[in-house]
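Let's take a walk through this one strand by strand. Have the sequence and the model side by side as you read.

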Amino acid sequence: MPILAVDAYTSQEWFDREQERIFSRTWALAGFAEDIGEPGQYRSVQAGLNNIFIVMGRDRRLRAFHNICRHRGTQLLRAVGNTQRAIVCPYHDWTNDLEGNLVSVPNRESEFPDLDMACLGLRQASVDRWRGMLWVHPDADAGSIMDWFGEVEPHLGPHHVDGLVEYDKGRTEHVIAANWKIVVENYIDGYHLGHLHSGTLAMYDHSRIESGFVGPHFAFWEPLAPEYAENVERNAPYPLVVPADRAGAWVPMLFPGIGLGETESSWSLFHVTPLAPDRTRVVIRTKVAAASSWAFTRQSIRSSGFWSGRVSGKYSGDSSDPMASGDFMAEDIYACEQQQRSLQSPYFRHGPSSVSGEAGVRRHQELVREWVEGGP
């Protein structure tokens, strides 16, 4: 008996409920901590039904607000930028300072003689920092982000993320023609690793996977295959960011859709954003050790981080064939999109689920159903 019916992956009604009951009630990723470093800099993020922006005030404090003018609801800021000294509504020029206070209303005396500006500051949201990332929550009193991630943190990699630097060629964006849950389920499916990726991820020992849920979050670790571990420093694509004796892949999926590809030589962020019942955006950003450019050019172009791009393996030279490209991201996208297409067939039926390799998939589906049908 399937945990989620087909319409959970295809219907607009189910998608809308997920937006309301999951993505509007959990912490949402807003970027790296270094993305906002100066007063006036801001970033906005869609958190389910809520558009929220983080801005650094003149006191260098980070604050989060709902991106809604208190006059008529116009969205105040675009995705990324610098507001300099104030936040001005593009519709009627109502102006807030960087701390969210309403400070100016055009024609206030004649048009709004009884206006109490003190009551019309921007609606606050919550912002917090965790593992080098910025997070927002729609509630102003959401509390510490450790209430959400604290249990899973001991199961993550030993990486010191603040000491790494973003690799300028490590940022990619993909729009996948599949439901977001198919993308997440593929990420946490250990059963497919030694099959779909038999050539592209051969550097890891898939027979020694340790995985399971910690609260709502999925934890995953696997070591390097012995032939790669023998000389990990030579085989790694970039300088090591963990001790050689701890080499391997920590690949958690934080509920509802933030993957971390934490490997011996890189640390990658895998940000899943649902766009429609059959469309998902994935943004990948990668950090590596701070090293000179020559240190990277002498390394292989292979990336050892999950979902990070091309690795050495079964590359046939035909880049038009995702199953022969040597790129495991292309392999996964192909598999996800094929699954989504099959859901439209009247002949589709859910098949059996593997005992251990797909246990995480089943638990993720249970979590989604719990949140959508009643809340945690």
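Over how many bridges do β2 and strand β3 pair, and in which sense? Six bridges link β2 to β3 (residues 50-56), and the pairing is antiparallel. Keep in mind as you look that this is a predicted model.

To get your bearings on that pair, find Ala47, which sits opposite Asn50 in β3. The hairpin of β2 and β3 has two residues between the strands, and Gly48 there takes a positive phi near 65°. Now go along β2 to Gln41, whose bridge partner is Asn82 in β5. That brings in another neighbour: β2 is joined to strand β5 (residues 80-82) by three bridges, again running antiparallel. As for how covered β2 is, five of the seven residues in this strand (residues 41-47) are buried, so the rest of the structure largely encloses it. Buried here means under 20% relative accessible area.

Next, move on to β10. Is this strand mostly covered or mostly open? It is mostly covered: β10 spans residues 133-137, and five of its five residues are buried. Look at the two faces separately and you'll find Met133, Trp135 and His137 buried on one side, with Leu134 and Val136 buried on the other.

β10 has pairing partners to check out too. Strand β9 (residues 124-130) pairs with β10 over five bridges in the antiparallel sense, while strand β1 (residues 28-32) is joined to β10 by four bridges, also antiparallel. Leu134 is a handy landmark for both: Gly31 has Leu134 as its bridge partner in β10, and Arg129 stands opposite Leu134 as well. If you're wondering what holds such neighbours together, strands of a sheet pair through backbone hydrogen bonds, either parallel or antiparallel. The hairpin of β9 and β10 has two residues between the strands, and Arg131 takes a positive phi near 50° in this hairpin.

Last stop: an open sheet of three strands. Its order is β6-β7-β8, and the pairing is antiparallel. The edges are β6 (86-88) and β8 (102-104), each of which pairs on one side only. On average, neighbouring strands of this sheet are turned by 40° against each other, ignoring direction. Zoom in on β6 and strand β7 (residues 95-97), and you'll see an antiparallel pair joined by three bridges. A good spot to check by eye is Val88, which stands opposite Thr95 in β7.

Note on methods:
Residues numbered from 1 in each chain as written. Predicted model: local features only at pLDDT ≥ 70, side-chain atom pairs only at ≥ 80, totals over all residues. Heavy atoms only, no water. Pairing = 2+ DSSP bridges. Axes fitted to C-alpha atoms, helices over the stretch in contact; angles between N-to-C directions. Buried < 20%, exposed > 50% of the residue type's maximum accessible area, 1.4 Å probe, protein only.
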